[in-house]
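Trainee: Could we go through this model together, feature by feature? I should like to learn how each kind of description is to be read.

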Amino acid sequence: MTSGPLVRAGTGFATLRGMLDIEFAKRAAEAAIDDASAALRELSLDIHSHPELNFEEEHAHEVLTRFLEQAGFEVERSAYELPTAFRATFGSGSPALAVFCEYDALPGIGHACGHNLIAASGVAVGLGLKAALGPGNGAVLVFGSPAEEGGGGKILMIERGALNDVDAAMMLHPSPVDGAWPNMIAIEMLKVEYFGRNAHAAAFPWEGVNALDALVLAYSSISAMRQQMRPTDRVHGVITSGGVKPNIIPDYAAAEYYVRSSTASELAELHAKVAGCFEGAATATGCRLELTSLGRPYREVVTNDVIAEAYCENMGRFEVRLPGRGQQGGAIGGASTDMGDVSQVVPSIHPVFGIPTDAANHTPGFTAAAATPEAHARMIRAAKALACTAIDLYAKPELLASAKREFAAPER
Ligand SMILES: [Zn+2]
Ligand SMILES: [Zn+2]
């Protein structure tokens, strides 16, 4: 469905929360997003061509806050004591719905997770809702959250009060596939270091304590352990330091490991097994082990069914039929996001939208795909559906109440 002559931008739906008002509001939102599409594409490409890592997203922070200010949002730059976070607000009171932007890139491969599209989608949803909301309808908060790729920006924002008055939260993420129930699991990021003793590797090897041996043993032990892991578990590491010269027995070796499980409690079990592998290798070689955390662990995403179903219904406006709950299969399995922590605090959704590509996230192919006009068009479509979903939540108090009941249910 496209915007037509029914559009009455900015009239809101305060007087009559009927179907007609809601449809007017949705068409106003869609028209506003269409009107801004070219500017959003420029914004997205600007961020794409300035890839910035965790907590260093100064350019993205600047262009996004400027854009939102010019669009009439009340913008707080460097919000929550984070230099590259922001909060942009329109409207007031309740309900207050939040949409998250992400804009960090990956080392060496740029915007290989397509966060340029996420940033533009958050702004798009904000613009759509600004056009649809009338006085007394509530508030929209567009959050700029830094460092999704490992720094846990959203976790810090939550701790500093970002969600205190928020009723529900949402965001979009590009992917090779579409879906409203992506399987986003809990993660912890570990640094593993072994300390041994140098020795001449040929003349006096018995003097040495080989830190690389410890690391290789640990790597192999974890590989042997995989048979006993749940199919939903993930353990993956890279060796970041493995000695300097073959004729010196390495006194230091290091690796980084990501450990993931369906839930935070399963992750605790898996952590114990992985830690056992690291400790066993230290004992076997006589090395000293240091196991430290590389930033905050992320919790799993709990998709709110009520809101996700509303999103699926609104994707139907564009003749897109998304897989229902439990029908997603293994298409998107095992990634993680700090949106998981958001979803543990307020009812949330984190739908993924497919962009045309054969490549998966975190590859150079995906970086290229995230800049195409086709990907932009898919982002615009998903942003319209998300804005329409938010309009449903603003306009139908019973829908938001039922999302909150689901969130509060003990079996959740
Ligand atoms: Zn990513
Ligand atoms: Zn991502």
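**The paired zinc ions and two sheets**

Mentor: The zinc ion (ligand 2) and the zinc ion (ligand 1) lie 3.0 Å apart, and Cys-113 coordinates both. Please note that this is a predicted model, in which local features need pLDDT of at least 70 and side-chain atom pairs count only at pLDDT 80 or more, while totals for chains, interfaces and linings use all residues. Residues are numbered from 1 along each chain as its sequence is written, chains are lettered from A and ligands numbered from 1 in the order in which they are written, and side-chain values use heavy atoms, with hydrogens and water left out.

Trainee: Which residues coordinate the zinc ion (ligand 2)?

Mentor: Donors are N, O and S atoms within 2.8 Å of the metal (3.2 Å for Na, K and Ca); water is not among the atoms, so sites may look incomplete. For the zinc ion (ligand 2), the donors are Cys-113 (SG), His-115 (NE2) and His-173 (NE2), at 2.1 to 2.3 Å. Their spacing along the chain is C-x1-H-x57-H. Cys-113 lies in the loop between β3 (96-102) and α3 (115-132), and His-173 in strand β6 (residues 173-175), so the pair ties together parts that are 60 residues apart in sequence. Helices (H or I, at least four residues) and strands (E, at least two) are DSSP runs, numbered from the N terminus.

Trainee: And which residues coordinate the zinc ion (ligand 1)?

Mentor: Cys-113 (SG), Glu-149 (OE) and His-362 (NE2) do, at 2.0 to 2.3 Å. Here the donor spacing is C-x35-E-x212-H. Glu-149 belongs to the loop between β4 (139-145) and α4 (153-159), and His-362 to the loop between β14 (352-354) and α9 (364-369), so the pair ties together parts 213 residues apart in sequence.

Trainee: Is Cys-113 buried or exposed?

Mentor: Buried means under 20% relative accessible area, exposed over 50%, and partly exposed in between (1.4 Å probe, protein chains only). Cys-113 is buried, at 8%. His-173 is buried at 7% and Glu-149 at 17%, whereas His-362 is partly exposed at 38%.

Trainee: How is a strand order to be read, and what is the order in the sheet of 4 strands?

Mentor: Two strands pair if DSSP finds at least two bridges between them. The open sheet of 4 strands runs β9-β10-β8-β11, with antiparallel pairing. Because β9 (234-241) and β11 (288-293) each have a single partner strand, they stand at the edges, and one side of each is left without a neighbour in the sheet. Between β9 and strand β10 (residues 252-261) there are 7 bridges in the antiparallel sense, and Val-235 stands opposite Val-259 in β10.

Trainee: Which helices pack on this sheet?

Mentor: Contact means heavy atoms within 4.5 Å. Axes are lines fitted to C-alpha atoms, for helices over the stretch in contact, and angles run from 0 to 180 degrees between N-to-C directions. Helix α5 (residues 211-225) packs on the sheet and touches β8 (186-195), β9 and β10, its direction making about 20° with that of β10. Helix α6 (residues 264-285) also packs on the sheet, touching β8, β9, β10 and β11, and its direction makes about 10° with that of β8.

Trainee: What is the order in the sheet of 6 strands?

Mentor: That open sheet has the order β1-β2-β4-β3-β5-β13, and its pairing is mixed. Within this sheet, β3 and β4 pair in the parallel sense over 7 bridges, with Val-142 in β4 as the bridge partner of Val-99.
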